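Subject: Structure handover, ligand site and pockets

Hi,

As promised, here is the structure for you to load and look around in. My notes come right after it.

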Amino acid sequence: MSEVFVFDHPLIQHKLSIIRDKNTGCKEFRELVDETSMLMAYEVTKDMLTEPIEIETPVAKANCYRMSGSKIAIIPILRAGLGMVDGMLRLIPNAKVGHIGVYRDPETLKPVEYYCKLPQDIEERDIILLDPMLATGGSAVAAINFIKARGGRNIRLMNLIAAPEGIKAVQAAHPDVNIYVAAQDACLNEHGYIVPGLGDAGDRLFGTK
Ligand code: PRP
Ligand code: URA
């Protein structure tokens, strides 16, 4: 069974409280999702491997550490996951970026897949899958299926807010994928929205409603 990590850093929690607020406008919402993703990048990479390396400073030799292990790929689920990409890249500038297009049918709540383009060497990379919302889990489970079908193995899922239903669905379908969130909320409502959540992440990011 995979693990769920909740990032309770005060900066992350502070920013999330403004993101959730219905009075936060599109511009501020986008900026805060970006900043929060950057802070979460720091946390989600915390256990990645380092190796010792000797560096010559202008003064003397120094024993330092560099990240080792595999290279990183970040993969946003379109479209709301796009809001998390720049923040991640600010801390992990050499990461490659894949894209997976999945939207949730508003009637059935089932995921509809429409796009997938991943780095060619995806099987060699540490993969961080991005989506602000984990609701029923249908979109995330479908996206992870896509990645695994193309050889991706070492996958982490990072969300701003997750519902217990989504966590359960991902853990059941993909017990090897750990989940990293800023908050775990109470439940879903009858429309499949996370309660209390933040509303529709894609619409709030891109101003489409
Ligand atoms: C939202 C969100 C997730 C999905 C979560 O996307 O960004 O991808 O819903 O719901 P689930 O866990 O029940 O699958 P949406 O389908 O609204 O598409 P969008 O990003 O294009 O707005
Ligand atoms: N998608 C969203 O954008 N918000 C939710 O609460 C659930 C799914």
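Below is what I found, starting with the ligand and then moving on to the pockets. Please keep in mind that this is a predicted model.

**Ligand 1**

Where does ligand 1 sit? Its place is the largest pocket. The shell around ligand 1 counts 14 residues, and those that come nearest are Arg104, Asp131, Thr136, Gly137 and Ser139.

Three of these names come back when you look at the oxygen atoms of the ligand. At Asp131, the side chain has an N or O atom 2.5 Å from an oxygen atom of ligand 1. The backbone takes part at Arg104, where a polar backbone atom is 2.7 Å from a ligand oxygen. Gly137 likewise offers a polar backbone atom, with 2.8 Å to an oxygen atom of ligand 1.

As for coverage, ligand 1 taken alone exposes 490 Å², and the protein buries 90% of that. Two or more residues of the shell come from each of β6 (99–104), β9 (133–134) and α4 (138–149). Sorted by class, the shell holds six nonpolar, five polar and three charged residues.

**The largest pocket**

The pocket that houses ligand 1 has a volume of about 730 Å³. Its lining is made of 30 residues, and Tyr103, Arg104, Ser139, Tyr193 and Asp200 are the closest to its centre. Arg104 and Ser139 are also among the residues that come nearest to the ligand.

Which elements give two or more residues to this lining? They are β4 (71–78), β6, β9, α4 and α6 (201–206). In terms of residue class, the lining divides into 15 nonpolar, eight polar and seven charged residues.

**The second largest pocket**

There is another pocket you may want to display. The second largest one holds about 330 Å³ of space. Of the 17 residues that line it, Met67, Ile72, Ile92, Asn94 and Ala95 lie nearest its centre. Here the elements that give two or more residues to the lining are α2 (26–44) and β4. Strand β4 also gives two or more residues to the lining of the largest pocket. By class, the lining of the second largest pocket has nine nonpolar, five polar and three charged residues.

That is the tour from my side. Happy to go through any of it with you whenever it suits.

Best wishes

Conventions: Residues numbered from 1 in each chain as written. Chains lettered and ligands numbered in written order. Predicted model: local features only at pLDDT ≥ 70, side-chain atom pairs only at ≥ 80, totals over all residues. Heavy atoms only, no water. Near = heavy atom within 4 Å. Polar contact = N/O pair within 3.5 Å; in protein donor to acceptor, adjacent residues only side chain to side chain. Areas by Shrake-Rupley, 256 points an atom, 1.4 Å probe, with all protein chains shown as cover. 1 Å grid on protein atoms, 1.4 Å probe; cavity = no way out; pocket = protein on both sides within 12 Å on 5 of 7 lines; lining within 4 Å. Sits in = over half its atoms within 2 Å of the grid points. Helix = DSSP H or I, 4+ residues; strand = E, 2+ residues; numbered from the N terminus. Nonpolar A, V, L, I, M, F, W, Y, C, P; charged D, E, K, R; others polar. Points joined across faces, edges and corners; volume = space filled by probe spheres on them.
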